[in-house]
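This briefing goes through a few local features, grouped by topic. Please keep the sequence and the coordinates at hand while reading.

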Amino acid sequence: MALPGRLGTEALLLLLLALQLHFGLVVSMVTKTNLAQDRPEEGESMSHERVKRGWVWNQFFVVEEYTGTEPLYVGKIHSDSDEGDGSIKYTISGEGAGTIFIIDEITGDIHATERLDREEKTFYTLRAQARDRLTDRPLEPESEFIIKVQDINDSEPKFLEGPYIGSVPELSPIGTSVMKVTASDADDPTYGSSARVIYSVLEEEKIFTVDSKTGKSSTDNQRFSVYHQNPLLKL
Ligand SMILES: [Ca+2]
Ligand SMILES: [Ca+2]
């Protein structure tokens, strides 16, 4: 029996299984916990063991797509010359200062007032200053710091091109390569599995196969199969 001479890709539906949310969220929470542990306790700056004056802060992280109604706590800038009497005025400038990020000028606490999108902007560069409230004299050199936006798995893989249309000669042997499709996920590929793409065939899976990692498709079984790569898909 003659096999179909041409296979339209509309016959192939590849599914994309994105691996997901929970892992990213857990990592995010662990990061914040570590930051909290590293942050100096109230009054620590007064320790007699501390001999060097200067800024006290950590690298700041803020999770993207925060949906709470209250401003999201980002972190705290603090001069270890601060004796807690309110005589120091903390200010920030730079990207988002005064709009996206607001600071309590007495405590140095920074909050984010807007929902952030890591896929739109991954970090913000700001500067901090500590001045004497009465004289306006700088108490520390102005210092740059970065607020990084922590990823969550909120993006779905998308095919870079498409619809894909492949063809294979009739009577082709099993395993004949049909085409390769490629999908991309906008989440952070550097941690977790949020940006991982897995390919699979949704229809005609008895005829075509796809490599779940590569996206290469080929003919399978008595007829054809297909492949691919990364997580994704829909032809
Ligand atoms: Ca994703
Ligand atoms: Ca994301």
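Strands are DSSP runs of E with at least two residues, and they are numbered from the N terminus. The model discussed here is a predicted one. Its features taken up below are two calcium sites, beginning with the ion coordinated at 2.3 to 2.8 Å and continuing with the ion coordinated at 2.2 to 2.5 Å, followed by the surroundings of Ile100 and of Asp132.

**Calcium ion (ligand 1)**

- The calcium ion (ligand 1) is coordinated by OD1 of Asn153, by the O atoms of Ser155 and Ser194, by two OD entries of Asp185 and by OD of Asp187, at 2.3 to 2.8 Å.
- The arrangement is irregular because the six donor atoms around this ion subtend angles of 49 to 168 degrees, whereas six donors would count as octahedral if opposite donors were over 155 degrees apart and all others between 65 and 115.
- Along the chain, the donors of the calcium ion (ligand 1) follow the spacing N-x1-S-x29-D-x1-D-x6-S.
- Ser155 lies in the loop between β10 (143–150) and β11 (158–159), and Ser194 in the loop between β13 (183–184) and β14 (199–203), so that the pair ties together parts that are 39 residues apart in sequence.
- Ser155 is buried, with a relative accessible area of 16%, and Ser194 counts as buried at 1% relative accessibility.

**Calcium ion (ligand 2)**

- The calcium ion (ligand 2) is coordinated at 2.2 to 2.5 Å by Glu64 (OE), Glu119 (OE, listed twice), Asp151 (OD), Ile152 (O), Asp154 (OD) and Asp187 (OD).
- Asp187 is thus a donor residue for the calcium ion (ligand 1) and also for the calcium ion (ligand 2).
- The donor residues of the calcium ion (ligand 2) are spaced E-x54-E-x31-D-I-x1-D-x32-D in sequence, and among them Asp151 and Ile152 are both buried.

**Ile100**

- Ile100 sits in the loop between β6 (88–94) and β7 (101–103), and Ile100 is buried, with a relative accessible area of 14%.
- Leaving aside residues up to four places away in sequence, Ile100 touches His111, Ala112, Thr113, Glu114, Leu116 and Tyr124.
- From Ile100 to Arg115 the C-alpha to C-alpha distance is 8.6 Å, with the two residues 15 apart in sequence.

**Asp132**

- Asp132, which belongs to strand β9 (residues 123–132), is buried yet has no salt bridge, the nearest side chain of opposite charge being that of Arg137 at 4.7 Å.
- The side chain of Asp132 does reach the backbone nitrogen of Leu134, at 2.8 Å.
- Not counting residues up to four places away in sequence, Asp132 touches Ser87, Arg137 and Leu139.

Notes:
Residues are numbered from 1 along each chain as its sequence is written. Chains are lettered from A and ligands numbered from 1 in the order in which they are written. This is a predicted model: local features need pLDDT of at least 70, side-chain atom pairs count only at pLDDT 80 or more; totals for chains, interfaces and linings use all residues. Side-chain values use heavy atoms; hydrogens and water are left out. Donors are N, O and S atoms within 2.8 Å of the metal (3.2 Å for Na, K and Ca); water is not among the atoms, so sites may look incomplete. Four donors count as tetrahedral if all angles lie between 85 and 135 degrees; four count as square planar and six as octahedral if opposite donors are over 155 degrees apart and all others between 65 and 115; anything else is irregular. Helices (H or I, at least four residues) and strands (E, at least two) are DSSP runs, numbered from the N terminus. Buried means under 20% relative accessible area, exposed over 50%, partly exposed in between (1.4 Å probe, protein chains only). Contact means heavy atoms within 4.5 Å. Lys and Arg count as positive and Asp and Glu as negative; His and the chain ends are not counted. A salt bridge is a side-chain nitrogen of Lys or Arg within 4 Å of a carboxyl oxygen of Asp or Glu. A polar contact is a pair of N or O atoms within 3.5 Å; within protein, one must be able to donate a hydrogen and the other to accept it, and residues adjacent in sequence count only if both atoms are side-chain atoms.
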